[in-house]
Amino acid sequence: MNASNAKIIKETGNVCFKDVAGCEEAKLEVLELVSFLKSPNQYHDLGAKIPKGALLSGSPGTGKTLLAKATAGEANVPFITVNGSEFQEVFVGVGPARIRDVFSMARKMAPCIVFIDEIDAVGRTRGNGSCIWQSEQENTLNQLLVEMDGFNSSTNIVVLASTNRADLLDPALRRPGRFDRHIHLGLPDLKGRASIFKVHLRPLKLEPGLNLEELSRKLAAQTPGFTGAEMASVCNEAALRAARHLSQCIRAEHFEQAVERVIGGLEKNTQPLQLLEKTMVAYHKAGHAVAGWFLEHAEPLLKVSIAPRGRGLGYAQYLSKELHLLSQDQLFDRMCMMLGGRVAEQVFFRLITTGARDDLRKVTQTAYEQVVQFGMNKVVGQVSYDLHLQQNAVTEKPYSESAAQLIDQEVRSLVDDAFQRTLQLVVNKKEMVEKVAKRLLEKEMLDRADMVELLGPRPFQEKGLYEEYGEALDFEEETPPPEGLKDGQKNKEDKQTKSALYL
Ligand code: ADP
Ligand code: ZN
C-alpha cells in the first residue's frame with residue numbers, strides 16, 4: 001500500500017522540444033535544467049546552485065505534461081511521473097511513505113526528472129490541521145519539502161510539478177531551493193496556435209491540394225482561446241471523420257467540422273429543437289451578429305450556427321484580434337455586442353428567455369471590471385480593487401459599504417447605457433436582423449460571405465481585418481532559436497499566401 005504508483009518512463013527520447021510548439025519562453029526557461037541534467041559537472045565545478053524544481057502552471061491542456069516530458073527527452077534522462085492525488089490517502093502515514101518511495105526510486109535513477117502532476121492535491125496552503133485528512137495532507141507536503149531540501153549537489157534530480165491553480169499552493173513550496181522557478185504556460189496566441197497546428201498536422205495524410213502552412217494558419221485564425229490539447233483534438237477529430245467517411249485523405253471540410261465539433265460538442269441529431277425554440281435561437285444569434293457587424297470595435301463574425309450541439313444551442317465563432325490593451329470604447333462595443341442577443345429577443349418576441357445567461361454574466365463581469373479594476377468610471381475614480389469575480393461571490397470587499405453602493409450603481413448604469421445603445425441599434429436594423437435570422441433558420445449556419453451578402457460590407461474604414469489576419473500570420477523572419485531549440489525545419493513562410501484566405 002505504501003508503494004506509489006509512480007510510472008517510470010525511460011524512453012522519453014521520442015518527445016522533445018520540437019513537439020512542443022508555441023511556448024518559446026517556457027522552453028527557454030527549462031533549457032537550463034536540460035543542460036544541467038546533461039552535464040552537471042560543469043555547474044558543480046563553478047559552484048552554481050541549480051534550481052531543484054520548477055512549477056509549471058497553466059490551464060489544463062496547455063502542454064505542461066508535454067513540456068516536462070520533452071525536458072526529460074531533451075536531456076535524455078528517465079522521467080518519473082506521479083499524480084498528486086495519489087498522495088491523498090486518509091490512512092495515516094501513507095502519503096508521506098509514498099513520497100519517500102518516489103524519491104528513493106528517483107535517487108537510484110538519477111540523473112532524472114520527477115514530475116508531479118496536479119501538485120495542488122498535496123500542496124494546498126496548509127490550514128490549521130483540524131481534521132485528520134488535513135493533517136495527513138500536511139504531513140505529505142512536509143515530506144515532499146524534506147525530500148527536496150535533502151538534495152545535495154550530487155543528487156542530480158529535478159522536480160517538475162504542474163498545477164492549474166498556482167494561487168492555491170502553499171507558499172513554502174515556492175521558497176528558494178524548492179520550486180523556485182515558476183513557468184507559466186498561457187493560452188497560445190495566433191502565431192503559437194499556427195505552430196502547434198503545424199506539429200499536429202504534420203503526421204496526417206492531407207489532401208494533396210492542402211498546404212500545411214496555409215492550413216495551420218487558417219485553423220489558428222479560427223480557434224482563438226484554444227489550448228494545445230484542443231488543437232490536437234481538432235486534428236485527430238478531422239482524421240477520424242475522414243476515416244469514418246472512408247476518405248483516402250483528410251480534406252478541408254473535415255477540419256471545418258472538427259473545429260465545430262470541438263467548440264460546440266457533438267451535433268445532436270436526435271434532439272431537434274422545437275420550431276419556436278429554434279426561431280428564438282436564430283433571432284438571438286442574429287441580434288449578436290448584426291450588432292457586431294455595425295459596432296466598430298466588436299469582433300467580427302466568422303461563422304454562426306443554430307444546429308443544437310452538446311454544449312448548447314448553436315455556437316458562434318468570432319475573429320479575435322487578441323489585443324493586449326483595450327480602450328473604454330472597445331469594451332463598450334463588446335458589451336453591446338454581447339447584449340445583442342437578449343435585445344433581439346425582446347424586440348422581436350417581447351419576451352425574454354433563459355438563453356442569455358452566459359451573455360449577461362460576461363456583460364456583468366466586464367462592467368464590474370471596468371468600474372472596480374480598470375478605473376474607467378468617473379464617479380468611482382482611478383482605483384483598482386482586487387476581486388475574484390469569477391467565483392460569483394465577492395466575499396471580502398476591500399472597500400466600504402458606501403463605495404460598494406456607488407459601484408453597484410455605476411455598474412448598473414453602465415450596463416443600462418450599453419443596453420439602450422444596443423436596443424437603438426437593433427431597432428434601427430430590425431429588417432437586417434430579420435434577414436439574418438431567416439437565413440439562419442433556413443440554412444442553420446451562416447458565414448462571413450453570407451453576412452456580406454445580406455448586410456453589405458462592414459461600414460468601417462477597416463483595413464480588412466481578415467487580410468490583416470493573413471498578415472499577422474505571416475511570421476516575420478524569426479531570430480534563430482537558441483541551441484537545442486532548433487525546430488528541425490524552420491520553414492520560410494511563403495509570403496504569397498496571405499489575404500483573402502479567410503473571406
Ligand atoms: P497539461 O499537462 O497542461 O494538461 P498536456 O501536456 O497533457 O497538458 O497536453 C495534452 C496534449 O495537448 C499533448 O499531449 C499535446 O498533444 C497537446 N499539446 C498541448 N500543448 C501543446 C504544445 N504547446 N505543442 C504541441 N502540442 C501540445
Ligand atoms: Zn447570446
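## Zinc site

A residue counts as buried when its relative accessible area is under 20%. By that cut-off, both His284 and His288 are buried in this predicted model.

These two residues share a helix. His284 and His288 sit in α11, which covers residues 275–294. They are four residues apart, or about one turn of the helix.

Both histidines hold the zinc ion (ligand 2), each through its NE2 atom. Asp359 joins them through OD. The coordination distances run from 2.0 to 2.1 Å. Along the chain, the donors of the zinc ion follow the spacing H-x3-H-x70-D.

## The shell around ligand 1

Ligand 1 has 16 residues around it. The closest are Ala21, Gly61, Thr65, Leu66 and His200. By type, the shell splits into seven nonpolar, seven polar and two charged residues.

Where do the residues of this shell come from? Domain 1 (7–185) and domain 2 (190–264) each give at least three. Three helices each supply at least two: α3 (64–75), α7 (190–201) and α9 (228–244).

## Backbone contacts of ligand 1

Ala21 and Leu66, both among the closest residues, approach ligand 1 with backbone atoms. In Ala21, a backbone N or O atom lies 2.7 Å from a nitrogen atom of the ligand. In Leu66, a backbone N or O atom is 2.8 Å from a ligand oxygen atom. Gly63 also takes part: one of its polar backbone atoms is 3.1 Å from an oxygen atom of ligand 1.

How much of ligand 1 does the protein bury? Alone, ligand 1 exposes 560 Å², and the protein buries 78% of that.

Technical notes:
Residues are numbered from 1 along each chain as its sequence is written. Chains are lettered from A and ligands numbered from 1 in the order in which they are written. This is a predicted model: local features need pLDDT of at least 70, side-chain atom pairs count only at pLDDT 80 or more; totals for chains, interfaces and linings use all residues. Side-chain values use heavy atoms; hydrogens and water are left out. A residue is near a molecule or strand if one of its heavy atoms lies within 4 Å of it. A polar contact is a pair of N or O atoms within 3.5 Å; within protein, one must be able to donate a hydrogen and the other to accept it, and residues adjacent in sequence count only if both atoms are side-chain atoms. Accessible areas come from the Shrake-Rupley method with a 1.4 Å probe; for residues, only the protein chains shown count as cover. Ala, Val, Leu, Ile, Met, Phe, Trp, Tyr, Cys and Pro count as nonpolar, Asp, Glu, Lys and Arg as charged, and the others, Gly among them, as polar. Domain bounds come from an automatic or database domain assignment. Donors are N, O and S atoms within 2.8 Å of the metal (3.2 Å for Na, K and Ca); water is not among the atoms, so sites may look incomplete. Buried means under 20% relative accessible area, exposed over 50%, partly exposed in between (1.4 Å probe, protein chains only).
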